[in-house]
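Student: I've just opened this one up and don't know where to start. Could we walk through it together?

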Amino acid sequence: MKVSDIFSYAFGAIRLRKLRAGLTTLGVVIGIAAIVALLSITQGLQATISEQLQTGFATDTLIVSTGGGFFMGAGAVTAAESDFNLLVNYTEIIDEIEGVVTSVAVIEKPCYIKSGEREFILAVVGVNFTKYVNIYSSTFVAESGDIPLNPENEVVVVGKRVSDPWKNGTIFCNVDDAVEIVWTNASRLPPRNETHTGHVAAVLKEIGGFGIGPSDSRVYIPTSQAQSFFGTDECNSIIVKLENDDEATIESVSEAIDEAFGGQVQVTSSTAVLETISSIFSIVELFLAGIAAISLLVAGVGIMNIMIVSLMERTREIGILKALGMKSRTVLAIFLSEAVIVGLMGAIFGIGFGWVLANVAARIFTGGGFAAAGEQGAVGGEFAITPIVTPTVMLGALGFGIAVSVIFALYPAWRASKLKPVDALRYE
Amino acid sequence: MTILITPVLQTINLQKTYMLGKIPVEALRGVDLKVEKGDFLAILGPSGSGKSTLLSLIGVLDKPTEGKVFIEGVDASTLSDNQLADLRRSIGFVFQFFNLIPRLTARGNVELTMAILGLGKAERRKGAEELLETVGLKERMNHKPAELSGGERQRVAIARALANNPKFLLMDEPTGNIDSKTANEIIELVKRLNEEKGVTTIVVTHDQNTALQAKRRVRMLDGLIVEEKVN
């Protein structure tokens with residue numbers, strides 16, 4: 001029997017039982033849709049994050065921090081429990097190291113920012129503007145106003161989302177406005193609110209995302225002001241700009257810094273962070289795909305169940321086919337073809353449905369971030385996920401859908417092919 | 001024994017024992033049968049005489065417990081399942097309950113036999129139309145079995161059985177499930193096919209009238225052939 005005849009015979013059998021075939025296919029559709037939706041969202045998310053991180057932080061930078069892990073434990077955590085504190089003036093030590101262009105200390109504290117009737121909780125970051133501009137020359141750029149290179153103490157620079165939190169032109173603060181920064185000093189008893197009135201000198205151009213470098217939803221003040229306002233010489237991290245982003249340079253400078261501080265600091269390279277993120281995503285992706293795959297397995301069991309029932313109903317038909325001289329392997333092929341058709345249709349509809357699902361989910365996610373967090377404020381960026389359905393995902397889903405259907409159809413198909421013609425014909 | 005002309009079908013000491021639970025039932029107890037080309041043989045017998053068992057053995061749908069079936073001199077017991085399937089392609093089955101595929105049209109059912117043979121679409125279409133014309137169903141060939149009468153269904157079944165140009169037609173109570181007037185028409189058709197086209201035919205029946213239309217008849221009782229007559 002010709003392959004095309006086998007398929008058309010199988011298709012005819014499926015068409016006869018539309019509802020049953022439809023429900024069986026639905027199982028595959030759901031399984032494949034879940035896989036496609038989850039994979040395309042994770043991949044879209046990963047692409048968005050990686051892209052924003054790459055623009056947000058230059059690959060020729062290192063981040064020096066005290067132990068505990070700068071980014072989800074990337075690298076060593078040896079200094080985690082020590083009393084070691086990173087001080088602002090350690091940049092002088094780092095600047096001496098060969099391969100380092102410059103370094104900047106970052107002091108970061110959550111504060112209330114008030115302007116008029118409104119207030120937000122935001123991260124206030126104290127940095128040396130000159131150095132910061134040098135390191136993040138593509139992102140720490142003013143959209144309006146100017147970033148002063150030798151700033152007065154009361155100067156502040158705000159991110160785009162601080163200026164325009166709702167993205168609708170309702171301005172929270174603009175250049176030349178005064179903002180009140182309130183910090184609760186809990187290191188003394190009773191805790192006291194320290195207030196500092198800043199003068200907005202510049203609004204940054206929109207950066208997007210939530211990079212490690214400059215962010216849309218932060219307020220920047222000069223280092224000296226941060227030191228006196230927060231009453232500390234400690235900094236959260238030191239960003240180091242390297243001469244280049246060669247692996248050798250990254251490694252030698254990392255080692256030199258580590259040595260200079262007696263192994264009490266942790267040095268993380270941007271590249272390492274990116275790698276860590278992408279490896280985390282791989283795990284998440286695998287995990288989610290695994291969960292979705294379970295639903296496909298359930299669909300497979302459904303296929304098997306339906307085929308066994310249909311096998312009983314069609315015993316007589318199989319007997320007729322065999323009496324007409326059909327070979328066992330052709331009977332097997334007919335039943336497997338039915339599974340291939342169900343799997344194929346399920347996969348095609350599943351991919352389409354999954355794509356729709358991913359886009360709907362992406363719509364829900366998008367528009368989150370700072371603005372959605374509303375008056376409460378939040379230190380977060382805002383980003384849009386574009387679900388990515390790669391050809392690999394599509395082909396994989398197609399193959400997986402068909403494979404699961406066929407694997408679960410193997411046993412019923414084999415049983416059908418093994419029926420004895422005389423018994424099958426007598427079957428009532 | 002010298003066989004001058006190889007018979008289309010020959011059985012030698014054919015025996016079949018079923019296990020009905022734990023009790024062995026001897027359905028056939030040694031049947032010797034010879035059918036030459038162009039013959040029209042009726043196998044008569046009451047129910048339980050073993051005629052259906054004999055039919056499934058000579059149709060190579062089942063294997064005998066003892067004895068041999070030769071089809072054009074080929075010993076069926078030496079063949080693999082695949083070769084048996086091939087052998088069945090040269091036998092035309094007609095069943096009492098028609099056994100048509102309900103979802104296929106009359107033509108589709110006839111074409112199915114040819115599709116199993118691996119024939120192309122155009123060839124199948126032409127062949128099926130010719131066969132349905134032969135059995136007098138040209139006008140009804142796009143109807144499904146449910147839309148056809150019993151006699152019409154049996155005609156489709158005969159056309160289907162002829163579709164692989166069989167060595168012989170094997171009919172199991174072909175008139176058992178239709179009224180006597182239609183039954184006569186069917187028998188007339190079979191007779192005509194036998195006389196005009198030389199289709200070798202074996203009919204299993206318990207109906208005396210049908211049997212009398214054949215060239216030859218044998219009577220079975222308790223798994224043995226007890227009487228052989230030329231009409």
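What follows is a chat about a predicted model, taking the chain contacts, then one residue, then one strand.

Student: How many residues of chain A are in contact with chain B?

Tutor: Contact here means heavy atoms within 4.5 Å. On the other side, chain B brings 26 residues to the meeting. From chain A, the number in contact is 22.

Student: And what area is buried between chain A and chain B?

Tutor: Carbon and sulfur atoms give 57% of that area. The total buried between chain A and chain B is about 2200 Å².

Student: Which residue of chain A forms a salt bridge with Arg124(B)?

Tutor: There are three salt bridges counted between chain A and chain B. A salt bridge needs a Lys or Arg side-chain nitrogen within 4 Å of a carboxyl oxygen of Asp or Glu. For Arg124(B), the closest N and O atoms are 2.6 Å apart, and the partner is Asp5(A).

Student: Which element of chain A gives the largest share of the side that touches chain B?

Tutor: Three elements of chain A give two or more residues to that side: helix 1 (3–16), helix 9 (315–323) and helix 13 (421–426). The largest share is six residues, and it comes from helix 9 of chain A.

Student: By class, how many charged residues are on the side of chain A that touches chain B?

Tutor: Let's sort that side by class. It has 12 nonpolar residues and two polar ones. The charged residues number eight.

Student: Now Gln154(B): why does it count as buried or exposed?

Tutor: Gln154(B) lies in helix 5 of chain B, residues 150–162. The cut-off for buried is under 20% relative accessible area. Gln154(B) has 0% relative accessibility, so it counts as buried.

Student: Which residue's backbone oxygen does the side chain of Gln154(B) reach?

Tutor: Leaving out residues up to four places away in sequence, Gln154(B) touches several others, including Val94(B), Pro174(B) and Ile186(B). Its side chain reaches a backbone oxygen at 3.1 Å, and that oxygen belongs to Phe95(B).

Student: Last one: in strand 10 of chain A, what is the bridge partner of Val64(A)?

Tutor: Start with strand 1 of chain A, residues 61–66, where five of the six residues are buried. Strand 1 pairs in the antiparallel sense over five bridges with strand 9 of chain A, where Thr61(A) stands opposite Lys241(A). Strand 1 also pairs in the antiparallel sense, over five bridges, with strand 10 (residues 265–269) of chain A. There, the bridge partner of Val64(A) is Val267(A).

Definitions and conventions. Residues numbered from 1 in each chain as written. Chains lettered and ligands numbered in written order. Predicted model: local features only at pLDDT ≥ 70, side-chain atom pairs only at ≥ 80, totals over all residues. Heavy atoms only, no water. Buried area = accessible area lost by both parts, 1.4 Å probe. Helix = DSSP H or I, 4+ residues; strand = E, 2+ residues; numbered from the N terminus. Nonpolar A, V, L, I, M, F, W, Y, C, P; charged D, E, K, R; others polar. Buried < 20%, exposed > 50% of the residue type's maximum accessible area, 1.4 Å probe, protein only. Polar contact = N/O pair within 3.5 Å; in protein donor to acceptor, adjacent residues only side chain to side chain. Pairing = 2+ DSSP bridges.
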